[in-house]
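Visitor: Please take one part of this model and go through it closely. I would like the packing of the helices, with the criteria stated.

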Amino acid sequence: MTVRKLAAGNWKMNGSLTALTEVEALAAAYPEPTCDIVLCPPATLIRDIVQRAGSRIGVGGQDCHARASGAHTGDIAASMLADAGAVAVILGHSERRTDHGETNELVRAKAEAAHAAGLTAIICVGETKAERNEGQALSVIGAQLAASVPDMADESNTVVAYEPVWAIGTGRTPTLDQIAEVHGFVRRELTVRFGKAAAGIRLLYGGSVKPSNASEIFSVADVDGALVGGASLTAGDFGAIIEALQT
Ligand code: PGA
C-alpha cells in the first residue's frame with residue numbers, strides 16, 4: 001500500500017514571532033508538496049502559523065489535555081487546538097513522558113480526546129538506551145503501542161512515531177537495520193490489532209533526522225516520514241528533509 005508520506009516538525013519549546021519568516025519561506029518553497037507537511041510549534045504560535053503557512057502546511061500542537069474542558073490550569077484541550085486551526089497533535093513524546101510523568105494510559109486518553117476533536121494524534125514510542133542494551137527495545141515499544149494507541153485508531157486519525165529516546169537531540173541514530181526492525185515490528189503489532197487498516201497508519205522515524213541522513217532513513221521499509229526536532233526550526237534544513245521525502 002502506498003501512503004502519502006509525512007514530514008512533521010516538532011519545534012518543542014523554541015520559536016517566537018520572528019520564526020514566522022521561516023514558515024513563510026517554507027510555504028513559498030513548497031506550494032504543491034507531494035508529501036504532507038505538519039509544523040508543531042509552541043501553542044502560542046499556532047494561530048499565527050496557520051495564517052502564514054497557507055493551506056498546504058498543516059499545523060499541530062505538542063500536547064493536549066485528556067479532558068474536554070475544566071479546571072486544569074495551564075493545560076490546553078484538543079478542541080482548543082482545533083479551534084486555533086491545528087489539525088494534529090504530538091502525544092506521548094519522551095520529553096513529556098519524562099518531564100511530566102506521562103503514562104501510556106494517559107497518552108491513550110489524550111489520543112482519544114484528540115480524535116474526538118478531529119485531530120490526528122501523532123503518538124510517540126521508543127526505548128531508552130538501557131532498554132536497548134538489555135535487549136528490551138521491542139518489548140518496551142510493544143507495551144507502549146498496546147497501551148497508548150486507542151481502539152479507534154485508523155489511518156485518518158493516527159500516526160505512530162518511533163523515537164528512540166537516546167537518539168533525540170543527540171546526533172546519534174540507530175542503524176538502518178535497527179530502524180527497519182522496529183518499524184517492521186510496529187507494523188506487525190498494528191496489523192494484529194487493526195487488520196488491513198494498519199497498512200495505512202503512517203510510521204514516522206524521529207531522533208536526529210537531518211538533511212545529511214534523511215534519504216537513507218527514508219529508504220528503509222515502513223518508514224513513512226519523519227518527526228523532526230532541531231532540523232525543523234529552519235526552512236533550509238526542514239526543506240532539505242522534505243525534498244528527501246518527496247523523491
Ligand atoms: P531531534 O528531535 O530531531 O532534535 O532529535 C526529534 C523529536 O524529539 O521529535
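Guide: What follows covers the packing around one helix, and then the nonpolar cores.

This is a predicted model, in which local features need pLDDT of at least 70 and side-chain atom pairs count only at pLDDT 80 or more, while totals for chains, interfaces and linings use all residues. Residues are numbered from 1 along each chain as its sequence is written, and side-chain values use heavy atoms, with hydrogens and water left out.

Helices here are DSSP runs (H or I, at least four residues), numbered from the N terminus. Helix α10 covers residues 235-246 and packs against helix α9, residues 211-218, at an angle of about 20°, the axes being 9 Å apart. Axes are lines fitted to C-alpha atoms over the stretch in contact, and angles run from 0 to 180 degrees between N-to-C directions. α9 and α10 are therefore roughly parallel to each other, a term for angles under 35 degrees. The crossing of α9 with α10 is right-handed, meaning that the near helix is turned clockwise from the far one by less than a right angle.

On the α9 side, Pro211, Ala214, Ser215 and Phe218 meet Asp237, Ala240, Ile241, Ala244 and Leu245 of α10; contact means heavy atoms within 4.5 Å. Seven of the residues in the contact of α9 with α10 are nonpolar, one is polar and one is charged. In this scheme Ala, Val, Leu, Ile, Met, Phe, Trp, Tyr, Cys and Pro count as nonpolar, Asp, Glu, Lys and Arg as charged, and the others, Gly among them, as polar.

Helix α1 (residues 20-29) also packs with α10, at an angle of about 30° and with axes 9 Å apart. That makes α1 roughly parallel to α10. α1 and α10 cross in a right-handed sense. Glu22, Ala25 and Leu26 of α1 make the contact with Ala235, Phe238, Gly239 and Ile242 of α10. By class, the contact of α1 with α10 has five nonpolar residues, one polar and one charged.

Phe218, named above in α9, is also among the residues with the most contacts inside the largest nonpolar core, along with Ile49 and Val186. That core has 64 residues. A nonpolar core is a set of buried (under 20% relative accessible area, 1.4 Å probe, protein chains only) Ala, Val, Leu, Ile, Met, Phe, Trp, Tyr and Cys residues joined through side-chain atoms within 4.5 Å. Apart from the largest core lies another, of 12 residues, including Cys40, Ile122, Cys124 and Ala161.

Definitions and conventions. Helices (H or I, at least four residues) and strands (E, at least two) are DSSP runs, numbered from the N terminus. Angles under 35 degrees count as roughly parallel, over 145 as roughly antiparallel, 65 to 115 as roughly perpendicular and the rest as oblique. Buried means under 20% relative accessible area, exposed over 50%, partly exposed in between (1.4 Å probe, protein chains only).
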